[in-house]
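Welcome, and please open the structure in your viewer. We will walk through it one selection at a time.

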Amino acid sequence: VAAVAAGVAFGLWGVGVLLRRGPRETFWWRVRERPPPGLADGTFGEHRYLHLKDSGLRLHYVTRGPPTAPLMLLLHGFPQNWFCWRHLMLEFSSRFRVVALDLRGCGASEKPLGRDSYRLELLLGDVCQAIEALGTPAGAPRCVLVGHDWGGVLAWEVAASHPHLVEKLVVMDAPQRGVMADFTTHHPSQLLRSSYIFLFQLPWLPELLLSLADFELVRTFLTGPWMGIQDPARRLTEQEVESYLFGLSQPGGLSPPIHYYRNLFRDTPIPREPPPPPTLLLWGSHDAFLDPRLAPALLRRLRPQSRLRLLPGASHWLPEEQPRLLAQLIGQFL
């Protein structure tokens, strides 16, 4: 029912775009032929590929920092890729071997076909195998695990199910699945904030709506006055937005990240115990997608050594809106 309601609501938005822009502009989008500066060159680090031992899947990552330094693994969210971590990579590369991973189906990583290729257990397996391959020291690999949005959802569960791989955990604007379900039951307004998740349960319609008018809805998520970055000095430039649209605009580029959401309500076991590693939770008070009251609810489920910092006035897109402050807070925590 929620999926159908969301489909109708977002479908009306699409009708509005059609009336405002006309058929020609509405149903036109372009495949980007060349990546924008900074995305695929060596501006922010060295581009490499990792072949997972179980699936053989090839994942792309960007690394910066001394090869023998402790590993800091960065996991991005939707609709982004490794590029969202560019500022924090510069901040931490003197102390850590910072690795910003393109999750499966995203950015320059391999994109297997079909919804079943993006089951949660497979995504978690990818992260664990990446830590085992890249982590420090060899033989007993560990990392500082940092996740935002979907990357944060994965980070929560990797730290809970494989604590031996995670020395410390940093999560930005991302809920635990068990806490999210209980919170939404008591705060129905979160259903409205999460309406896009229900839209993404439908076949083909989300891909169509997201690509209308050359990805206007994606642009609204990232740069809109309510949903986007709130600090005018930190708002994304057109070139930075193109760094995300480049991958999404490629043939088949939209379906893989949407499959993450399509598998969200499967019967994947939810960890009941809080993650053992020391945890820092960072949250923007102006997050348009996740209620700020969710952050204290998460903290109550964590272990005593965990910390929460609510960033006043900040949006959902913390890694790009508040990189200096994040570097300070994370540095103190580490």
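The tour below goes from the sheet to the helices packed on it, and then to the pockets and cavities. Keep in mind that this is a predicted model.

**Stop 1: the sheet**

Start by showing the strands alone. You are looking at an open sheet of eight strands with mixed pairing, in the order 1-2-4-3-5-6-7-8. Strand 1 and strand 8 (307-311) stand at the edges with a single partner strand each, so one side of each has no neighbour in the sheet. Look along the sheet and you can see its strands turn: on average, neighbours are rotated by 20 degrees against each other, direction ignored.

Now select residues 143-148 and 166-172, which are strand 5 and strand 6. The two run parallel and are joined by six bridges. To find a single bridge, pick V144, whose partner in strand 6 is K168. In general, the strands of a sheet pair through backbone hydrogen bonds, either parallel or antiparallel.

**Stop 2: two helices on the sheet**

Next, bring in residues 120-134, helix 3. This helix lies across strand 1, strand 2 (58-64), strand 3 (71-75), strand 4 (97-101) and strand 5, and runs at about 155 degrees to strand 3. Then add helix 13, residues 323-333, which packs on the sheet and touches strand 6, strand 7 (279-284) and strand 8. The direction of helix 13 makes about 160 degrees with that of strand 7.

**Stop 3: an annotated span**

Colour residues 70-322, where an unreviewed UniProt entry places the feature "domain: AB hydrolase-1". This span is 41% helix and 13% strand, and its end C-alpha atoms lie 24 Å apart.

**Stop 4: the pockets**

Rolling a probe the size of a water molecule over the atoms shows where empty space is left. Where should you centre the view for the largest pocket? Select R177, M180, I197, L264 and F265, the closest to its centre of the 23 lining residues. The pocket has a volume of about 490 Å³. Helix 4 (150-161), helix 5 (177-186) and helix 7 (195-199) are the elements that give two or more residues to its lining, and helix 5 has the largest share, with four. By class, the lining of the largest pocket holds 15 nonpolar, five polar and three charged residues.

Move on to the second largest pocket, with a volume of about 200 Å³. Its lining has 16 residues, and L39, D102, G107, A108 and F246 are the closest to the centre. Strand 1 and helix 9 (238-248) each supply at least two of the lining residues; the largest share, three residues, comes from helix 9. This lining has seven nonpolar, seven polar and two charged residues.

**Stop 5: the cavities**

How many cavities of 30 Å³ or more are there? The count comes to four. For the largest cavity, with a volume of about 150 Å³, select P79, Q80, C106, L248 and P257, the closest to its centre among 18 lining residues. Helix 9 and helix 10 (255-262) each give two or more residues to this lining, which divides into nine nonpolar, eight polar and one charged.

Finish with the second largest cavity, which holds about 80 Å³ of space. Select F78, P79, D149, Y196, F221, Y261, F289, H316 and W317 to see its lining. Seven of these residues are nonpolar, one is polar and one is charged.

Definitions and conventions:
Residues are numbered from 1 along each chain as its sequence is written. This is a predicted model: local features need pLDDT of at least 70, side-chain atom pairs count only at pLDDT 80 or more; totals for chains, interfaces and linings use all residues. Side-chain values use heavy atoms; hydrogens and water are left out. On a 1 Å grid over the protein atoms alone, a cavity is a set of points where a 1.4 Å probe fits but cannot get out, and a pocket is an open set with protein on both sides within 12 Å along at least five of seven lines; lining residues have an atom within 4 Å of a point. Grid points are joined across faces, edges and corners, and a volume is the space filled by probe spheres set on the points. Ala, Val, Leu, Ile, Met, Phe, Trp, Tyr, Cys and Pro count as nonpolar, Asp, Glu, Lys and Arg as charged, and the others, Gly among them, as polar. Two strands pair if DSSP finds at least two bridges between them. Axes are lines fitted to C-alpha atoms, for helices over the stretch in contact, and angles run from 0 to 180 degrees between N-to-C directions. Contact means heavy atoms within 4.5 Å. UniProt positions are given in the numbering used here, feature names are shortened, and annotations may be inferred rather than shown by experiment.
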